[in-house]
Amino acid sequence: MTGTLALTVGLAVLIGISLGLLGGGGSILAVPLLVYVADLPAKEAIATSLLVVGVTSAVGVLPHARAHRVRWRTGLVFGLAGMTGAYAGGRLAAYVPAAVLLTGFALMMLATAVAMIRGRRDTGDRPVPHELAVPRVILDGIVVGLVTGLVGAGGGFLVVPALALLGGLPMPVAVGTSLVVIAMKSFAGLAGYLSTVGIDWGLAAAVTAAAVVGSLAGGRLAGRIPEAVLRRAFGWFVVVMGVFVLAQQLPAGLRTNPALWIALGIAVAAAVTVTASGGRTPGGRGRRQRSRNAGVV
């Protein structure tokens, strides 16, 4: 038991590093860690992950706030809307079988991994908004919050794309603002879970402390690793984790069938091919060429 606890706490540092570097990924790492390493039941693992990620995000937002990388109105409105959805999702989770929750969690991992690997669309010369429109923020917040509370995932990996891809905020600002939202939604989702699920507070405190240390380390590393390289590498890591969690929900006979793993290998190879060719379309070459020529007189 002591060895398992030490391994869980050691790996929990990765949760904080992910939040510090990318503004997301905490629950995507925390739930498999707590289920498959700490051997917690699925619903207890999800509830514990919400506590860990909530505290770690609240600590992680401080350096971003000092660097003026937080849009407070957008973050607070998004967070309040997200808290409503997250609390409802946490209460709804009591009526959903654990296998269904983990399957939904795995599918969420795969969907967000694809978004990370593909990256942001070219926004051209579109002006960067200081704050986003309130109705849009409320709608996005409720939807993202519902997913977060229900499956314990989708915090930063849904909030950051919502703020950066759809809202047009610069990536560093989207990351800083997302931590405000993640903290608020995580605590609301946890409140929903606590009505039906208990938590091992000693384990939760140890994992949270390790994650906070990791978030501080991640903040220091954030400016030293190219964002695109880090985002894509982490995206593929999440793909592997998502496939693993999804496979664990299959019947034992199907899980050991070689045909399944051959099919998954073909699917991953096809995804790699599509992703690798995504940046080499004729239109993409034309845009890059025009960009280079723009500086030539």
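**Figure 1. The buried residues of helix 6.** Val137, Asp140, Gly141, Val144, Gly145, Thr148, Gly149 and Val151 are the residues to look for here, as they are buried in helix 6. Buried stands for under 20% relative accessible area, exposed for over 50% and partly exposed for anything in between, with a 1.4 Å probe and protein chains only. Helices (H or I, at least four residues) and strands (E, at least two) are DSSP runs, numbered from the N terminus. Please keep in mind that this is a predicted model, in which local features need pLDDT of at least 70, side-chain atom pairs count only at pLDDT 80 or more, and totals for chains, interfaces and linings use all residues. Residues are numbered from 1 along each chain as its sequence is written, and side-chain values use heavy atoms, with hydrogens and water left out. The end C-alpha atoms of helix 6 are 26 Å apart, in agreement with the 26 Å that its 18 residues should span at 1.5 Å a residue; the expected span is 1.5 Å times one less than the number of residues.

**Figure 2. Asp140 and its contacts.** Asp140 sits in helix 6, and with a relative accessibility of 16% it counts as buried. Leaving aside residues up to four places away in sequence, Asp140 touches Phe78 and Ala162. Contact means heavy atoms within 4.5 Å.

**Figure 3. The buried side of helix 5.** From first C-alpha to last, the 21 residues of helix 5 reach 30 Å, close to the 30 Å expected at 1.5 Å a residue. Its buried residues are Leu101, Leu102, Phe105, Ala106, Met108, Met109, Thr112, Ala113, Met116 and Ile117. They cover an arc of only 160° around the axis, which places them on the same side of helix 5; the arc is that of the directions from the helix axis to the C-beta atoms. As a reminder when looking along a helix, an α-helix has 3.6 residues a turn, so residues three or four places apart point the same way. Val114 also belongs to helix 5, but this residue is partly exposed, with a relative accessible area of 44%. The C-alpha atoms of Val114 and Val238 are separated by 9.2 Å, although their positions lie 124 residues apart along the chain, counted as sequence separation.

**Figure 4. Where helix 5 meets helix 6.** Helix 5 covers residues 98–118 and helix 6 residues 134–151; their axes come within 9 Å and cross at roughly 130°. Axes are lines fitted to C-alpha atoms, for helices over the stretch in contact, and angles run from 0 to 180 degrees between N-to-C directions. The two helices are therefore oblique to each other: angles under 35 degrees count as roughly parallel, over 145 as roughly antiparallel, 65 to 115 as roughly perpendicular and the rest as oblique. On the helix 5 side, the contact involves Leu101, Gly104, Phe105 and Met108, which meet Val147, Leu150 and Val151 of helix 6. These residues divide into 6 nonpolar, 1 polar and no charged. Here Ala, Val, Leu, Ile, Met, Phe, Trp, Tyr, Cys and Pro count as nonpolar, Asp, Glu, Lys and Arg as charged, and the others, Gly among them, as polar.

**Figure 5. Helix 3 against helix 5, with Ser49.** The axes of helix 3 and helix 5 come within 9 Å, crossing at roughly 50°, which makes this pair oblique as well. Ala42, Lys43 and Ile46 of helix 3 make the contact with Ala98, Leu101 and Leu102 of helix 5. By class, these residues divide into 5 nonpolar, no polar and 1 charged. Ser49 is also in helix 3 and counts as buried at 0% relative accessibility. Ser49 and Ile28 are 21 residues apart in sequence, with 9.1 Å from C-alpha to C-alpha.

**Figure 6. Two loop residues with positive phi, Asp39 and His68.** Most residues other than glycine have a negative phi. Asp39 has a positive phi of about 60° although it is not a glycine; this residue is found in the loop between helix 2 (26–37) and helix 3 (42–66). Asp39 is exposed, with a relative accessible area of 64%. His68 has a phi near 60°, again positive in a residue other than glycine, and lies in the loop between helix 3 and helix 4 (72–92). His68 is exposed too, at a relative accessible area of 66%.
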